Amino acid sequence: MRSTISGYTRLPKAHKVSAAAIIVAAGAGVALAAVPATAAGNHDVKTVAWNADSFGETQQAELTQQTDAAIAQAKVTAEAKKTAAAKTDADKERAAKEAASRSTERKALKPAAPAAKPAAPAPKAYADNLDGWIKESLDVLRAKGIPASYEGIKRNVMRESTGNPNAINDWDVNAVNGVPSKGLLQIIDPTFKAYHVEGTSWNIYDPVANITASCAYAADKYGSMDNVNSAY
């Protein structure tokens, strides 16, 4: 038994659809024909018309919606990645600043290295002759505040020993008394020891030691070696 709803043929459950033929032409509709599974039932077949253009527009609309949704989702994803990347860069920059700040603090807490002491000036060189001995003696005398001049020292040296640092007088009264005069300025041992200038040699024949001790004695007795013009 078959039933018809709104002009369409409905096949009873006893029959099965055996084939469907679809013919599509350019600009044409699609026709679907249904026939029984056996020839026993000789029933009418109702053709159902379906417009391909209408189907295409529907599918196109759905595809457009899906594409727009995908684009929107891609934008959201890209924006999220951009935000995450910016946050990562900001975190790195902040970490770098904090590390630099900690390094600066550690350097500030670290005691400063003591300033290097300036190198000691090289000792002044003097010639190993009468000129050099007098000049070196004058530097020592000035440092000790003992008055004397180059001319006053040289004048007395030339009179007393003619510039011989090993000169010794073995004939005057001092020699008779067992304390001969010695060196450039012919000073006796007791006087040399009493007026020895600190920082010089204790050897009475040392030129600088002899000159400085003699000048110290002359300054004490005569005001300066410059005031000595004869035996003193």
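These are some notes on three packed helices and a few loop residues around them, in a model that is predicted.

1. Start with helix 2, which runs over residues 130-144. With 15 residues at 1.5 Å each, helix 2 should span 21 Å, and its end C-alpha atoms are indeed 21 Å apart, so the expected and modelled spans agree. Its buried residues are Leu130, Gly132, Trp133, Ile134, Ser137, Leu138 and Leu141. Those buried residues pack against helix 3 and helix 6.

2. Both ends of helix 2 are worth a look. At the start, Asn129 puts a side-chain oxygen within 3.2 Å of the backbone nitrogen of Asp131. Just past the other end, Gly145 has a positive phi of about 75°.

3. Asp128 sits in the loop between helix 1 (52-109) and helix 2. Is Asp128 buried or exposed? Its relative accessibility is 70%, so Asp128 counts as exposed, the cut-off being over 50%. The side chain of Asp128 still makes a polar contact of 3.0 Å with the side chain of Trp133, a residue that is itself buried in helix 2. Asp128 also links your view to helix 6: its C-alpha atom is 9.6 Å from that of Pro207, although the two are 79 residues apart along the chain.

4. Now for how helix 2 meets helix 3 (150-160). Their axes come within 10 Å and cross at roughly 130°. That angle makes helix 2 oblique to helix 3. The crossing is right-handed. On the helix 2 side, the contact is made by Leu130, Asp131, Ile134, Lys135, Leu138 and Leu141. Helix 3 brings Tyr150, Ile153, Lys154, Val157 and Met158.

5. The loop between helix 2 and helix 3 holds Ser149. The side chain of Ser149 reaches the backbone nitrogen of Gly152 at 3.1 Å. Leaving aside residues up to four places away in sequence, Ser149 touches Leu138 and Asp226. The C-alpha atoms of Ser149 and Leu138 are 7.3 Å apart, with their positions 11 residues apart along the chain. Leu138 is also one of the helix 2 residues in the contact with helix 3.

6. Helix 6 is mostly covered, with 12 of its 16 residues buried. Which residues of helix 6 are buried? They are Pro207, Val208, Ala209, Asn210, Ile211, Thr212, Ala213, Ser214, Cys215, Ala216, Tyr217 and Ala218. The partners they pack against are helix 2, helix 3 and helix 5 (189-194).

7. The length of helix 6 checks out too. Its 16 residues (207-222) should span 22 Å at 1.5 Å a residue, and the 21 Å between its end C-alpha atoms agrees with that. At the start of helix 6, a side-chain oxygen of Asp206 comes within 3.2 Å of the backbone nitrogen of Val208. Just after the helix, Gly223 takes a positive phi of about 95°.

8. Last stop: Gln186, in the loop between helix 4 (173-176) and helix 5. Its relative accessible area is 12%, so Gln186 is buried, the limit being under 20%. The side chain of Gln186 reaches the backbone oxygen of Gly183 at 2.8 Å. Beyond residues up to four places away in sequence, Gln186 touches Glu160, Ala167, Ile168, Asn169, Ser181 and Asn210. Asn210 takes us back to helix 6, where Asn210 is among the buried residues.

Notes. Residues numbered from 1 in each chain as written. Predicted model: local features only at pLDDT ≥ 70, side-chain atom pairs only at ≥ 80, totals over all residues. Heavy atoms only, no water. Helix = DSSP H or I, 4+ residues; strand = E, 2+ residues; numbered from the N terminus. Expected span 1.5 Å × (residues − 1). Buried < 20%, exposed > 50% of the residue type's maximum accessible area, 1.4 Å probe, protein only. Contact = heavy atoms within 4.5 Å. Polar contact = N/O pair within 3.5 Å; in protein donor to acceptor, adjacent residues only side chain to side chain. Axes fitted to C-alpha atoms, helices over the stretch in contact; angles between N-to-C directions. Parallel < 35°, antiparallel > 145°, perpendicular 65-115°, else oblique. Left-handed = near helix turned anticlockwise from the far one by under 90°.
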